[in-house]
Structures are given as C-alpha cells and as structure tokens.
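Q: Can you take me through one helix and then the empty space inside this protein?

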Amino acid sequence: MSVALGWQQIPSSLITEILASIFDGVVLDTEHSMWSEEALTASIQVATLMKKDCIVRLHKRDLCLVSKVLDTGATGIMLSTVETKEEAYQFVDMAYHFKSGGHRGLGLVRQNMWGEAGLDALKPLLIPQIESINAINNLEDIIRPEFMYYLIGPYDLSASLSCDGDFENPKFKNAIQKFNSLIRPEKRAVHIPKDVSSHVYNYQDVGMISLGMDTSSIIEGSKENLYAAKNLHIHTD
C-alpha cells in the first residue's frame, strides 16, 4: 500500500494534529499558503511527536530554508519546480550533512534533541517536484539516488505547455508518458487536491499519495452539508 499523507495549507498545529491522527504523515505546504516560522515549528513538533512523517514543501527560491526546516525536525522536504541537474544537486547538498556528502551544517538542534539523540541524523526524505516541460526534458539528469519520490505538479506542468489545466491535451499526456517511462511506479508521488474518490483509483501503484487538502476538504464538506440541509428544506440564508 502507498504511503498516504494529508496535505495542509492552513497554518495551524490543531489541523496538523487532526491530519496526523488519520494519515501516515502530513505535507505542510509553505509554497501556496502563509506560514509563519512559529506556526511551522509548532506543526512540525506536533507531527513528529506523534511519530508521523512531516514533509515541508518549499519553493526552490527558499532553498536556503532546507537546513533550518530539517533542524527543526521535519522528516523530509518537497522542493517545487526542480528543473535542472544543478538544482537537483543543490537540493541534496543543502539537505545532507558533510558526512553524507553534502554541505549542511551540523549543530545541536531539535532534530537530534540538542545532541542528546546523537549527531548521526537520519538522512531526510527528499522529493523534487517536476512541474515544467523543462523539468520533463531534463528528467534523466535530475534523477538522483537520494530522491525517494518524484512528484508531478500537474497544474504548473500544463501551464508550461500552454494548456492550463487541460490534462487531456496530447502535449500534457506526452509529458506524463515520458515521466512514467523514467520513474518507476514505486518512486512516483501523487497529490490529489480534491474530488479524491473520483481519482484515487488511477494511482494504485504509486509509492506515495497525498489525499485532498485541508482547504478543499472544508469546502467540499461544507458544500455537501449545505446541499443536504437544503434538501430537507431547512432555511440556510
């Protein structure tokens, strides 16, 4: 069975607690939301104290935050918009300590409980996002043994092909076909942001799957509740 994660946009440790109680772990999406440093730290604490995976999604422009987020205790990093061999190398270099071949600084931090857990920190789970036709064209050079999974960003990929959101477009399908020819199913990661029940059966063989989002789940659930109430002729204005 795939590793199943919740996807969180709303910066609240309470939501992290709810998602971590249901899923194998949680993705904290800092790219498309407004996380403060304090809120991110609190959510990382909650997820990891619950012994669940905690993956923080960063944009490559925030690569300098990789070390800090891992020091805080996140178990992995998802880096969006990785497009070249050089960017893939920089990702690993920032995430791995010198002993493992990178240049990440080693200190007494929460990840090693300020030295009490030993300085041989576990290697983080690293996931590059493939989100443009440039990344697809450079995928053979991006692939590295340090990467546990590779995640397609379908909306940005389709936008880079000038077919925004048109996942039936031949150009988009050709790009996905190339991705699938280079990345084995167990190395693929998928995020289904909404309408999960309608799409989840298309991804039975992937290694990691993120199901829904806190934001879309609130919208979908609220609409369903309102629809049910209106069918009972309850006044909702």
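A short chat about a helix and a cavity follows.

A: One caution to begin with: this is a predicted model, where local features need pLDDT of at least 70 and side-chain atom pairs count only at pLDDT 80 or more, while totals for chains, interfaces and linings use all residues. Residues are numbered from 1 along each chain as its sequence is written, and side-chain values use heavy atoms, with hydrogens and water left out.

Q: Fine. Which residues of H2 are buried?
A: Ala39, Leu40, Ser43, Ile44, Ala47 and Thr48. Buried means under 20% relative accessible area and exposed over 50%, with a 1.4 Å probe and protein chains only.

Q: Why do they line one face of the helix?
A: Seen down the axis of H2, the buried residues fall within an arc of 155°, so they line one face. The arc is taken from the directions from the helix axis to the C-beta atoms.

Q: And which residues are exposed on the other side of H2?
A: Glu38 and Leu49.

Q: What takes a positive phi just after H2?
A: Lys51, at about 60°.

Q: Now the empty space. How many cavities of 30 Å³ or more are there?
A: A search of the whole structure finds one. A cavity is a set of points on a 1 Å grid over the protein atoms alone, where a 1.4 Å probe fits but cannot get out; lining residues have an atom within 4 Å of a point.

Q: Which lining residues are closest to the centre of the largest cavity?
A: Of the ten that line it, His97, Leu106, Gly107, Val109 and Asn112.

Notes. Helices (H or I, at least four residues) and strands (E, at least two) are DSSP runs, numbered from the N terminus. On a 1 Å grid over the protein atoms alone, a cavity is a set of points where a 1.4 Å probe fits but cannot get out, and a pocket is an open set with protein on both sides within 12 Å along at least five of seven lines; lining residues have an atom within 4 Å of a point. Grid points are joined across faces, edges and corners, and a volume is the space filled by probe spheres set on the points.
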